[in-house]
Every structure is written in structure tokens, then in C-alpha cells.
2 protein chains.
Amino acid sequence: MALKKKPVTGMKDMLPREMEIRDYVIQLIKDTYKTYGFMSIETPCVEHIENLCSKQGGDNEKLIFKILKRGEKLKLESAKEENDLVDGGLRYDLTVPLARYYSNHANELPSPFKALQIGNVWRADRPQKGRFRQFMQCDIDILGEASNLAEIELILATTAMLGKLDFQNFTVCINDRNILKAMAKYSGFKEEDYDEVFIILDKMDKIGAQGVASELQEMGYDKEKTDAYLKLFGEVTPDVEGIRYLKGKLGDCLPDKTADGMEMIISSVEAAKECEFKISFDPTLVRGQSYYTGTIFEVRMDDFGGSVAGGGRYDQMIGKFTGQDTPACGFSIGFERIVMLLLENGYEAPKQGLKKAYLLDKKMPREGLLKILALARADREAGGQVLIVNMKKNKKFQKEQLLEEGYQEIVDCFEDSYDKL
Amino acid sequence: MALKKKPVTGMKDMLPREMEIRDYVIQLIKDTYKTYGFMSIETPCVEHIENLCSKQGGDNEKLIFKILKRGEKLKLESAKEENDLVDGGLRYDLTVPLARYYSNHANELPSPFKALQIGNVWRADRPQKGRFRQFMQCDIDILGEASNLAEIELILATTAMLGKLDFQNFTVCINDRNILKAMAKYSGFKEEDYDEVFIILDKMDKIGAQGVASELQEMGYDKEKTDAYLKLFGEVTPDVEGIRYLKGKLGDCLPDKTADGMEMIISSVEAAKECEFKISFDPTLVRGQSYYTGTIFEVRMDDFGGSVAGGGRYDQMIGKFTGQDTPACGFSIGFERIVMLLLENGYEAPKQGLKKAYLLDKKMPREGLLKILALARADREAGGQVLIVNMKKNKKFQKEQLLEEGYQEIVDCFEDSYDKL
């Protein structure tokens, strides 16, 4: 069989320049999140096929890379369908493995448990620009904390990290599934219609209020309801005042606890944030995943059409594994988007130390090499990045390339003068 | 389908204590290797099945986790064998993907290219204590450097890193495939028998010289040859003197270049090493991989029966992808063994900052929370690791647990006295 040079379809080789940024961002994420008390954990990239297909993953379950059973377990002759052949798959997110992990190890973990996961996930999406079939996710989750302290800490940690990467002009948008429901209920929609209504509402930023109204009416909802619904959105300001307004207006449809909690989160984040950003109440924020049970939030960036981080509360997923509901809330960064934005903006990771290259005359005697190795050792122990390479015939070109790679100091080392170095 | 709590067979959930060490070691590896001019790269975890089955991987090719083709490409009805169903697999090492990567990107990379790869690999080995089916590898490779500068830099970088982890009493053992061959040739073995002879020689440290002689004779090699062969090993000292002795003794069987190169590597490493360790010439060192073409080396640790790192020169692998041979030399750390040794020795990663926990009275008013969030922000900005948690009913037990997790300062925050904090 001929060897193939390209990576597999839809996946990517990382060149050194991108890796430099990735390594830097990963370390910054770890360092920042650890100051918030999050602890690193890791699960295998391969997960039981039963867990991956447990309806927690929505459409992602259609995109699983499945792994063939091995050895005696593989019965090719009698296999009727795909799932007769597979017992595992590559994880498509870090949330399902986290739920399994917690159910397996809760007794060995602190409560509440603040988990940090950085790892690759795989989805067999149609390949397209900027989207890959292997990509890195970076999630923080707080398990076992029912109070809004979870939301506050997650938002503060995520925004602190973005601030350290010099991102500005970003907005944390926040909403609650219970506010979504209360507004729909108040306007006269039936509970069984909520999901359909929210899918249309989710398009607000693309098609506008009028567009949403039209689509709802096209779906057969009467004008009275849709008018009341859209009017409500027009009356709500994107701040704590808006929440207070809804609390008064929606009456019994909206639990006091939800409104007070939202206000608490927003005012706490405003007061304690480590860097400059806006936090807005956004009653049109829906977020797709069906597993959310309360607060939902995302980070939007002016430079980028879309969200660069998202999360929310999912108090009922852990119970699917353990049989006992555990409060859970998480925030996931779009790591690949963040790296893409940094690369596009020409971001440079802070330099670690002097980059220095020693160019060696090919005839360098052993004593000369030993001298240069000793000099390099001293540079390296001082944290410098040191390259020792043989001099090429085209030394001028070699030096130009080294300068381009960021080498600030280039030392010629000749056979007859190394003792003067 | 019932959800499964355990990880898939042979793979491992990483608990926070182990992750703390892993994160620390990974960062130390990156920081150290970067001072030697190595650059991070990454390849996808999924590799073309053709590349994985190209005979570069030896027995590992029997242990591949294979990935099912997707969509229309999967023709279950007409599939006759496994490989009709798969087009990719999880990589079993980082060397084959590196060769593919280099063949794909050589024009975009410096020459020589010093690559650092840290990533998971997968092998469907029989599960056993301390060995897992997903494990991390950490490789440095220098591509395009024909001179011994490659070996010297690889050994210096690897040992510097081990020294920074406080490892002592380790030995770098070094040999060369050409010395192995020369000693066999000198003793009268035929070239076609070398591989068989070396497999037996490789057992020297377990069965001793007498055992090796017996096994060789059992395989049918005559006493004259085996006596000459074993006598030779008895005469060689494990240092540059031993190499010089062989250079004199073996005459034309051993190229001068090989002997001089070995001496150069050993004396340079001795002179320039960053920490204390021994470097020994070991004429019995074989290393299994058939792709090695020259120098081979490994790190042995007194505390641990076996090698914790290994590598060598493989000048003919890249050419299988590119059609043009490229000098290549690499050193791979047994990352999981290193972490296991550190855990067993009770190694603690250096603390990053004060670990402090604020325990919140459940009735804490909003002003109190804001006060505590502000205090925590200051602690965090100073690099401290800060936890804010609600006080539990059994506060004594909660505090004990926090102390056990390493929290050095625990602050009680009560509803009626938070203003005194």
C-alpha cells in the first residue's frame, strides 16, 4: 500500500507557529483556572458506545467515529448492522465523559467538585473552512453546587482568562431556561410547543423580531400570542432592570428564585470581574442543548460573528449515570476559535527568553564543540532558547531564516577562533 | 441501553492528584526542550490505516484500534475482511505520524528540524498492571541532521529534563547498530543471522553471558563463533576505552566513523551535561525496533527495572514517505513510567501559590458575597489558588477535607461579621 502524506480527511497537522500559540493558551488556561480552584482531570478519548449513544449528545450522536471490536469479539460474518461491529467510539464532547467519570469516582472527589478538562474531541462533520473533525475543547464544570456561586465563579474564571489573552469588547450574555419558559407561558404558548418556539426565537439576531413573528405565525401560532410574545421582548432591557421588569410583569409564571438568582449573578460578576467586559441579560438567548435545566450563558465577541464560549446549568445529567441528581453547571471555551482569532490578529505569545543560535564551522574540533556546548548550557540554564547547528554553505540564507524564526542573536563559530567566544 | 460507569477496558480515568503531577511534568518537558530549540508540533490521533500498516510499527501493527469508515463508504454487506470496513486507526506511536508530517510539510519547516511531540497513543495490548491501552508519549526528534550533534543534543535535553524532576542515579546506555554488526561479523556470524543473534544478545542482562552462549549454541551456532563472540564482550569496558579497544580489535569490520562518533558523543555529553548521571557504552544494547540504522540509546534507572527513555537514529524511515532519505534521530521518554515513579516516590509538584478557601455562611447577604469575591480577586491576581464554597453542616469535617486537599488557609465568613474580613 502506498503511504499517504496528507492527514486523514478533515483533520489537521499543527505547524510550529500555531503550536506555539496553542501551548501558550493551554498553559494560561490551566494557570488561570487553577487560581479559581479548578482541578485538572482527564478521561480516555475512547468512550463506551452505549454512553455516546445515550441521547445526551443530540445531533453529535450522528457524527461518532466508531471503533471496531477487537479479537474474538468481532464477528464479521454474523454482523447485521454497524453496532454489531463496534463497542467504542471517539468522544464527541467532554460532558458525557465527565458525567461517567463523576459517577465512577464521586467518593474520591471533593464536593463541590470543580473540574477542568482540556482535550480533543472528534465529530465526523462535513469538512469546511476553519472546522475540523478533531478539535480541542476546554471545559470547566462545577458539580454538586446548587447555588449561583457556581455560575458566578464559572463566568469570572472564563472572563479572567479571556482578559489575560488581551481580548476586549466582549459580552457575556445570560438567560435562564425558566425565563424562556415563563415568557412563552405568559404569552399563551403551550408547554409542548416551547421547543419549537425557542428554535425560532433563537434566530432573533439574524431575522429580527418581525422575522420571528412571521415564522411563528407560519407555523400556525395565532397572532394574539405572537404579538404578546414579541411585545414582551421589546419591553425588556438587557440588564438587571429588565429582569426586575419581568419579575413584576410575569407574576406566577416566573419563579422569584429564578429572577433573584439572575440578578445576583449579574451584579456579582459586575462587581468582581477581573477585566473589562459587559454582562447582559439576553431573553432571546436559547442555546441548543436539550440538557440545560436553568441558567444558560455565552460569550460574544464583536470581532467575531458568533460565540466563543458557552455553557449553563444541567442539573439532571449526572443522575442518568448515578441514579441521583447532582447539581451541575459548566462553561466551555471554543478553544479553536480563540486560537484562530489570536492567529488572525497576529498575536504573539510572550517570549520565554533570548533566542540564540550558534552556527558551527563543519571543521570544528572537539575542543571547540565542548566550548560551545558549555556556553549553550549556561544560556539554557538562564532560560534562553538555544540552537546549535552546523553552518550551511549558503550562510546568508541560513541566517535570514533563523532571524525569521525569531532568533535574536546568531553566533558564528569558526574552527580557528572558537577560543575567543 | 444502560450507561456504563467504568472507562473502556484497559483505559484510565485520571484523578486530580495524578493530573497535578502530569500537568507539571508536561510543562517542565515543554519548557526544558524549548531551551534546546525544539518546537512543538501535533498530528491527528487518527492516522490513515495504510500508514499504520506500513511495516514501520513491528508488532504494534497487530494492536491497532481501527475506525469504521463512515457514510456511503461503509459497505457492510460486501465486506469480506476487517480492512474493507476501516480507513483509519488510532496511532500506536508518534514516529510514523512524524514521518508523514515531515513529508507533507518539509518545505514549511526549518532544516534541521527539531520536533517536540507530546500526545496520546493507543495499543490494544492485553490489560495488565501499570500498562494501559491509551498512554502518553513524549518524543523529541531531529530531522535533517546527519552529524552526531543530533545525538548529543537529544541526550543532553532528555537528561536535563530528568534532572529537573530530581531523578538521580540514572545511566544513559549507548551503542550503535554498526558496532553490533561489527562484533557479530568479527566473530564469524553471517549477516542473515544477525537479527536472530541480537534477539538472544538482548537477554544478556537477564540470563548472563553463559545463558547467551547456551542459547546461541542451542540455535545451532558453533562453539567457536559463540566463544569468540562472548569473549569479545568480556574484553570491552563500558566507556570510551571500550570503544577504542574495539576500534583496534575489530579492524575493517568496524567503520572508523562509527567508533569516532561514539567517542565524540560520550565525551561531549560528559562535558556538557546539566545534571549528574552516567553515560556508558553498552555493546549488549540492542533495542528492538528494526528501523534503527545507527546509534541507539536508552536511559536506565536504578530505582526501576528497565528503561525510562529510549531512542536512536533512523535514517531510512522518512524516505519511505518522501522518496528521499533524510537523516533522523529521536529520543522518546516513557512518560507513564516517569509519572508512575514520581507518584510512587510521593513526589509533589512545586506549589503554585497560597491555597485559600472562603467558607460562606448560607445566609450571607449580597454585600457579604461581593466583599468576599473582591478579596478572592485580589488573592487570585496575586497567583493564589482560591476556593469559595458554601459552609456545610459538618463544618469540622469540611475543614479537615480542605486541609487534606492542601488548603493552607481557611476563612470562615459569617453573615454578621463579613465586614470584619
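# Working through a predicted two-chain model

Lys203(B) has a relative accessible area of 33%, so it counts as partly exposed. Keep in mind that this is a predicted model. Let's start with that lysine and go on from there.

## Exercise 1: a lysine and its partner

Work out which side chain Lys203(B) meets in a salt bridge, and which parts of chain B the pair ties together.

**Solution.**
Step 1. Here's the general idea: side chains of opposite charge can pair when their charged atoms come close.
Step 2. Look around Lys203(B): its side chain forms a salt bridge with that of Glu215(B), at 3.1 Å from N to O.
Step 3. Now place both ends. Lys203(B) sits in the loop between helix H6 (194-201) and helix H7 (204-218), while Glu215(B) is in H7 itself, so the pair links parts that are 12 residues apart in sequence.
Step 4. Check the partner's surroundings too: Glu215(B) has a relative accessible area of 23%, which makes it partly exposed.

## Exercise 2: a pair inside one helix

Find where Lys396(A) and Glu400(A) lie, and say how many residues apart they are.

**Solution.**
Step 1. Both belong to helix H15 (residues 395-404) of chain A, and they are 4 residues apart, about one turn of the helix.
Step 2. Why does that spacing suit a pair? An α-helix has 3.6 residues a turn, so residues three or four places apart point the same way.
Step 3. And the two do pair up: they form a salt bridge whose closest N and O atoms are 3.3 Å apart.
Step 4. On accessibility, Lys396(A) is exposed at 62%, whereas Glu400(A) is partly exposed at 40%.
Step 5. Hop over to chain B. Lys396(B) and Glu400(B) also meet in a salt bridge, at 3.3 Å from N to O, and both are in helix H14 (residues 395-404) of that chain.
Step 6. To zoom out, there are 69 salt bridges over all chains. Some link up into a network, such as the one that takes in Lys12(A), Glu18(A), Arg22(A) and Glu336(A).

## Exercise 3: one helix, one buried side

List the buried residues of helix H10 (residues 240-250) of chain A, then find out what covers them.

**Solution.**
Step 1. With buried meaning under 20% relative accessible area, the list reads Val240(A), Gly242(A), Ile243(A), Leu246(A) and Leu250(A).
Step 2. Around the axis these cover an arc of only 155°, so they are on the same side of H10(A).
Step 3. The cover over them includes helix H6 (177-186), helix H9 (223-235), helix H11 (256-272) and strand S8 (278-281) of chain A.
Step 4. Check the two ends. At the start, a side-chain oxygen of Asp239(A) comes within 3.1 Å of the backbone nitrogen of Glu241(A). After the helix comes Gly251(A), with a positive phi near 55°.

## Exercise 4: a helix wrapped up

How many residues of helix H3 (residues 95-105) of chain B are buried?

**Solution.**
Step 1. Count them: 11 of the 11 are buried, so H3(B) is largely enclosed by the rest of the structure.
Step 2. Among them are Arg100(B), Tyr101(B), Tyr102(B) and His105(B).
Step 3. See what does the covering. It includes H1 of chain A as well as strand S2 (46-48), helix H2 (49-52), S5, S6 and helix H11 (318-322) of chain B.

## Exercise 5: the empty space inside

Find the volume of the largest cavity and the residues closest to its centre.

**Solution.**
Step 1. Rolling a probe the size of a water molecule over the atoms shows where empty space is left.
Step 2. In the whole structure, 9 cavities of 30 Å³ or more turn up, and the largest has a volume of about 570 Å³.
Step 3. It is lined by 37 residues, and those closest to its centre are Glu42(A), Ile118(A), Met136(A), Ile118(B) and Met136(B).
Step 4. The biggest share of the lining comes from S5(A), which gives 6 residues.

## Exercise 6: unusual backbone spots

Which peptide bonds are cis, and where is phi positive in a residue other than glycine?

**Solution.**
Step 1. Most residues other than glycine have a negative phi, and most peptide bonds are trans.
Step 2. In chain A, the Ser111(A) to Pro112(A) bond is cis, with omega near -5°. In chain B, Ser111(B) and Pro112(B) are joined by a cis bond, with omega about -5°.
Step 3. For phi, one case is Lys55(B), near 70°; this residue is exposed at 67%. Another is Asp166(B), with phi of about 65°, in the loop between helix H4 (149-164) and strand S7 (170-176) of chain B.

How values were computed. Residues numbered from 1 in each chain as written. Chains lettered and ligands numbered in written order. Predicted model: local features only at pLDDT ≥ 70, side-chain atom pairs only at ≥ 80, totals over all residues. Heavy atoms only, no water. Salt bridge = Lys/Arg side-chain N within 4 Å of Asp/Glu carboxyl O. Helix = DSSP H or I, 4+ residues; strand = E, 2+ residues; numbered from the N terminus. Buried < 20%, exposed > 50% of the residue type's maximum accessible area, 1.4 Å probe, protein only. Arc of directions from axis to C-beta. Contact = heavy atoms within 4.5 Å. Polar contact = N/O pair within 3.5 Å; in protein donor to acceptor, adjacent residues only side chain to side chain. 1 Å grid on protein atoms, 1.4 Å probe; cavity = no way out; pocket = protein on both sides within 12 Å on 5 of 7 lines; lining within 4 Å. Points joined across faces, edges and corners; volume = space filled by probe spheres on them.
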